[in-house]
Amino acid sequence: MKLGIVGSGTIVREFLDITHYLTETELTAICYTERSRETGRELAGRYHITHEFTDYEEFLNSDADTVYVALPNHLHFLFTKKALEAGKNVIVEKPFTPTYKEAVHLSEMAREKGLFLLEAITTLHFPNYKKIKELLPVLGNIKIVQCNYSQYSRRYDSFKKGLILPAFAPACCGGALMDINIYNIHYVVGLFGRPKQVEYFPNMERGIDTSGILMLDYETFQCACVGAKDCRAPIVNSIQGDQGCLNQNTPVNVCENFQIILNDGTTTLINENSYEHRMIHEFKEFEAIINRRDFKTCYELLNHTLTVCEVQNIARSKGGIIFPGDA
Ligand SMILES: NC(=O)c1ccc[n+]([C@@H]2O[C@H](COP(=O)([O-])OP(=O)(O)OC[C@H]3O[C@@H](n4cnc5c(N)ncnc54)[C@H](OP(=O)(O)O)[C@@H]3O)[C@@H](O)[C@H]2O)c1
């Protein structure tokens with residue numbers, strides 16, 4: 001894959017640090033803003049990225065076959081759409097798009113044009129996550145699922161002082177649901193599919209959810225997902241069945257070791273991840289999907305992304321969180 005990157009922020013820097021694991025990927029281009037010219041040039045030099053752009057249209061004319069959209073949430077839709085129109089495959093950072101309607105639009109475009117479209121969400125690609133899926137039957141009938149991802153954000157300090165950074169700005173489609181609880185949605189929907197009912201109870205400040213509790217009703221069991229950027233707590237992920245429970249104490253986007261505790265007390269600790277950095281499994285899979293032209297896997301992942309977008313959209317609507325694209 002010939003990869004072009006758009007953005008030069010936090011996640012791009014993290015990604016570039018793991019690119020030496022991607023032996024079948026060539027970094028051909030990076031697109032940054034005028035204001036980030038210095039950072040962009042430094043990254044291009046350090047990671048031997050061949051071409052640099054500050055104009056997205058020119059970047060799309062470069063020889064990259066795949067674009068990694070690593071921009072604030074409100075730009076995902078437009079930048080992805082333009083890349084697909086230019087005939088590029090796209091890997092877009094989570095959360096895929098602010099609205100379900102936009103997600104469907106992009107998904108249809110990619111399928112019609114025979115292009116790859118993937119959401120960068122680490123959770124689905126961990127061997128540990130795949131193992132959890134495989135081991136679910138040993139827990140018996142599932143009764144209760146809980147995920148708590150609460151991480152106090154330094155940006156919340158600025159937010160309280162009135163400096164609203166994109167991660168908390170309604171205009172940039174920020175907030176706790178989009179930024180952090182979205183990981184929990186991916187985790188749960190990837191294991192159990194679409195819930196029957198969705199409710200979201202947000203803590204709202206200045207028109208955005210700084211934290212909240214998402215309730216997913218699966219008819220035969222209940223699930224509570226907590227996402228918080230305004231307070232912290234130990235990470236808890238548990239899946240409780242009538243034969244035993246699964247316990248995992250790392251965020252679902254990291255998905256480190258987990259325990260299976262059966263009702264007879266038998267406890268097994270499992271860890272099948274091969275790499276320490278959370279983005280390696282994910283991007284190695286993307287590299288394989290695109291280089292091997294594996295549309296089946298790509299579109300299965302895309303169907304999952306659509307379900308997550310739908311759940312997110314219902315939750316936002318129930319919680320009264322309004323984004324520009326909703327109109
Ligand atoms: N998968 C993960 O684990 C993970 C972790 C963190 C973030 N993310 C996701 O990644 C995305 C980016 O987050 P981040 O933390 O990297 O944000 P960030 O540090 O604020 O970086 C955003 C980048 O986008 C650039 N940008 C803004 N408008 C642009 C434009 N019109 N053309 C080109 N570049 C533009 C910014 O440039 P300027 O600075 O010059 O404005 C900046 O380089 C978000 O959607 C977030 O949810 C994912």
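This text walks through a predicted model, beginning with the ligand site and ending with a run of paired strands.

The ligand sits in the largest pocket. Around the ligand there are 20 residues, and the closest of these are Thr33, Arg35, Ser36, Asn73 and Lys94. By residue class, the shell around the ligand divides into nine nonpolar, seven polar and four charged residues. Two helices contribute to this shell: α1, residues 10-16, and α4, residues 76-85, each supply at least two residues.

Several polar contacts can be followed from the ligand into the protein. In one of them, a ligand oxygen atom lies 2.5 Å from an N or O atom in the side chain of Thr33. In another, the side chain of Arg35 places an N or O atom 2.9 Å from an oxygen atom of the ligand. At Gly9 the partner belongs to the backbone: a polar backbone atom of Gly9 is 3.0 Å from a ligand oxygen atom. On its own the ligand has 910 Å² of accessible area, and the protein covers 78% of that area.

Lys94, listed above among the closest residues to the ligand, also takes part in an unusual piece of backbone geometry. The peptide bond that joins Lys94 and Pro95 is cis, with omega at about -10°. Pro95 belongs to the loop between strand β5, residues 89-93, and helix α5, residues 100-113.

A second backbone feature is found at His48. This residue is not a glycine, yet His48 has a positive phi of about 55°. In the chain, His48 is placed in the loop between helix α2, residues 37-46, and strand β3, residues 51-53.

The remaining part of the tour concerns strands, taken in order of pairing. Strand β7, residues 142-150, runs antiparallel to strand β11, residues 236-241, and six bridges join the two. One pairing to look for here is Asn148, whose bridge partner in β11 is Val236.

From β11 the path continues to β12. These two strands run antiparallel and are joined by four bridges. They form a hairpin, with two residues between β11 and β12. Within this pair, Ser238 has Asn247 of β12 as its bridge partner.

Strand β12, residues 244-248, pairs in turn with strand β13, residues 258-262, in the antiparallel sense and over four bridges. Gly244 marks one position in this pairing, where the bridge partner in β13 is Leu262.

The last step leads from β13 to strand β14, residues 267-270; this pair is antiparallel as well and has four bridges. Here Ile261 stands opposite Thr267 of β14. The two strands make a hairpin with four residues between them, and in this hairpin Gly265 takes a positive phi near 95°.

Read as a path, the pairings lead from β7 to β11, from β11 to β12, from β12 to β13, and from β13 to β14.

Technical notes. Residues numbered from 1 in each chain as written. Predicted model: local features only at pLDDT ≥ 70, side-chain atom pairs only at ≥ 80, totals over all residues. Heavy atoms only, no water. Pairing = 2+ DSSP bridges. Near = heavy atom within 4 Å. Polar contact = N/O pair within 3.5 Å; in protein donor to acceptor, adjacent residues only side chain to side chain. Areas by Shrake-Rupley, 256 points an atom, 1.4 Å probe, with all protein chains shown as cover. 1 Å grid on protein atoms, 1.4 Å probe; cavity = no way out; pocket = protein on both sides within 12 Å on 5 of 7 lines; lining within 4 Å. Sits in = over half its atoms within 2 Å of the grid points. Nonpolar A, V, L, I, M, F, W, Y, C, P; charged D, E, K, R; others polar.
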